[in-house]
Each structure stands twice: as C-alpha cells, then as structure tokens.
Amino acid sequence: MGYIPFFYKEPVRDPPEETPLNTQPIIKVREMAFPRLSAPDLDAAESFLLDFGMARAHRTDDVLYMRGAGTAPYVHVIHKGTPAWIGFAFEAANREDLDRISKTDGFTPVEAVDAPGGGWRTLTKDPSGAQVEVVWGTTPVEPLGPIDPRPLNMGNAFLRIGKLQRVKTGPSRIKRFGHLAMNVRDVKASLAWYNARFGLIASDRVNIAPGMPVLIFARCDRGAEPADHHSILFGSDMASGGVLGLNHLSWEVIDVDDVLAGSSHLAAKKRAHEWGVGRHLLGSQIFDYWRDPWGHIHEHWTDGDQLDASIPPGDVTIDVGAASQWGPNPPPTFGRTIPPQSR
Ligand SMILES: [Fe+2]
C-alpha cells in the first residue's frame, strides 16, 4: 500500500476552514515513543536491530528493549511470541493529560511502567485492535554519542573547513522512533478516532476521488511548535490488497550519511531490502526500508518536513506524478508484513 504504484500531483493546500476535526480532543499528545512487536526469537530480533542501528537497553527471557543514540531509554520493544505487531506508545505532554485520558472510556487506570526509564502509562485498543499506550514521566538517558549531524560543504554553506569527512562504516545512528503506518478499513474513521482522543490532525490526504482519501498522513498538534509531518499514516486496505495491520515502522536517523552508510551496512549483512534510497513527496523524508526476519518493515529517514498546527491539510490525487521525488519505485510488496517464507 502506501506509496505503491500511486502517482501524485503536487500537493494543493486546502483552505484551513475545511478541517472538520474535533478542536477539543481529550488530550494532545507530543510525539511517538516506541512500537511493540512480538517475535519468536529474541536473539534474531536483537541481531537484526543491531545491524539496523540500535543498541540493547535491557533484555529478559521474554522481552527485548532496544535504544537509539538519543535520550530515549528505548525506541523499540519486542516480546517473545508469535510474529505480530502489538501496538505502540504516544508520549503525553504532562501528567495531567495522562490522568485525564486514563479516566475516559476504554482506558486502563494509570500504572507504573516496568521498563528502563520507568514512568507511567495507560492503555487502550484502537478500532483495529492495535494496543495504544500513552506514557509520561520516562527518565531520559545520556546519548550514546554525538547526535549532531555531520558538517557538510554544500552550496554557499561550507560548514567543514580544515577537517576531513570520514564516515565510519557500520550501522546508522538512530535518533528516535518517529512514526508508523497502519492499514485500516476506513482511514477517515481512524483519523477521527485518533483525533478525538489524542489530537492528531491531517497533514496530507491522497484521494481516489474528491473527499475519498485512501491515505491520510496525520501529525501531532503542538500548537505553534512544529511537529513531524506525520506520526501515523493511515492507509486504506483498498491500497494494500486487503491486508490490514502494520504497514511499516519508522525511525529518524541523524543525517543523510546515516541513511546511506546504514543502507550499505544492512546490505553487507545480507538483510532484506524493501525500498530505497529515495526522497518521499509527502513528508519529504530521505528514506530507506528494510524487513526484519519476520517481514515487518523498518524504515530509516532523515530531513522530514516540520509543520506547526496552523498548516492546513494538503490533497493530492492518484493519477500523474511520482511516488517519490527521486529514487526507485516501490516494490509491489511494500506496505504489508510478509513473512520471509511467503516472499
Ligand atoms: Fe514512513
């Protein structure tokens, strides 16, 4: 699904008054925190994620927590079990928001989180059955190394004088968990559900006819503070061959070399490449997609658009243009979890 053989026109922005979403959601979340998967072999999961650019934060017999180079104590959680996407966590803006949403229909009482960095959480299930957590109060950790981008000499901005650019071979430097994409039956209904509870707003819609989106890119409403172009991409199962559930998971890396050097590293490790390197149109990220040993799609990206809440949604149609601004076309398998034995 997703970016599959869809061809886009340049986005045309709607006037702001055409955003018929709830302006008073229960809370407005700040960002994504981490996803949860389950997999039968935590050794194999850890090995893939080390190649992908993460480091072990904590591991027991039943659960593996992996971190990036940034300040989050973990950015991925894998439980031992049948291969599956369990859900994900949002980060609340403050304790009051966590308490407020935990007291609404369908949410569990606030409980302490038994994981690195602690904190508190409440849980619910979305209409598709995915587990949605809201967390707050996690104690940050020291970064694993510098998380500044490498200085570049480009255009009129030469930022590196008298120093040589040497990129170490090895995995990407992952900064944070950025977004996920899910395939659902009704993208408008899914956005409305997430909007009413968490304040997500539309950034871009891909329409098969006026008012009939098959993809909605949705971001966090941080008011005047910019947010990632999308934290969740809702994709219609019309665009995924009827397959529901996880489309892909996505982590922000520190700079362009982390996308490209990371891609070389994963290729050298003979991991399963899915799509990339390219630059998306909607969201503008430079991207690269890989599959874990059970076929879950994991994305690296950098240089995405940042929008404050005043930017109205854009609309594009599926007819002419290009799925990416540059880079290869997506494979027909993109946008759904495909176990290796089925590929
Ligand atoms: Fe993505």
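**Buried and exposed sites in a predicted chain**

I254 lies in the loop that runs between β17 (245–253) and α4 (256–268). The model is predicted. I254 is buried, because 23 other C-beta atoms lie within 10 Å and the cut-off for a buried residue is 20 or more. Leaving aside residues up to four places away in sequence, I254 touches I147, P149, R173 and K175. T122 is 132 residues from I254 along the chain, and the C-alpha atoms of the two are separated by 30 Å.

P339 was examined next. P339 is placed in the segment after β23 (324–326). P339 is exposed, because 12 other C-beta atoms lie within 10 Å and a residue counts as exposed at 12 or fewer. P339 nevertheless has contacts beyond its sequence neighbours. With residues up to four places away in sequence not counted, P339 touches P83, W294 and G295. E46 is 293 residues from P339 along the chain, and their C-alpha atoms are separated by 18 Å.

Helix α2 has a buried side and an exposed face. The helix spans residues 95–102, and D97, L98 and I101 in it are buried. These residues cover an arc of only 100° around the axis, so they lie on the same side of α2. An α-helix has 3.6 residues a turn, so residues three or four places apart point the same way. The exposed residues R95 and E96 are carried on the face of α2 turned away from its buried side. The cover over the buried residues of α2 includes two strands, β8 (120–125) and β9 (131–136). Helix α3 (187–198) is also part of this cover. T122, the residue paired with I254 in the distance given above, falls within the range of β8 (120–125).

The chain as a whole was then considered. Its secondary structure comes to four helices and 23 strands. The chain has 343 residues, for which a compact globule would have a radius of gyration near 20 Å. The value for the chain is 19 Å, which agrees with a compact globule. Along the principal axes, the C-alpha atoms fill a box of roughly 50 × 50 × 45 Å. Of the 343 residues, 46% count as buried; I254 is buried, as are D97, L98 and I101 of α2. Contacts were also sorted by separation in sequence. Among those between residues at least 6 apart, 69% join residues at least 24 apart.

Conventions:
Residues numbered from 1 in each chain as written. Predicted model: local features only at pLDDT ≥ 70, side-chain atom pairs only at ≥ 80, totals over all residues. Contact = placed C-beta atoms within 7 Å. Rg over C-alpha atoms; globule rule 2.2 N^0.38 Å. Arc of directions from axis to C-beta.
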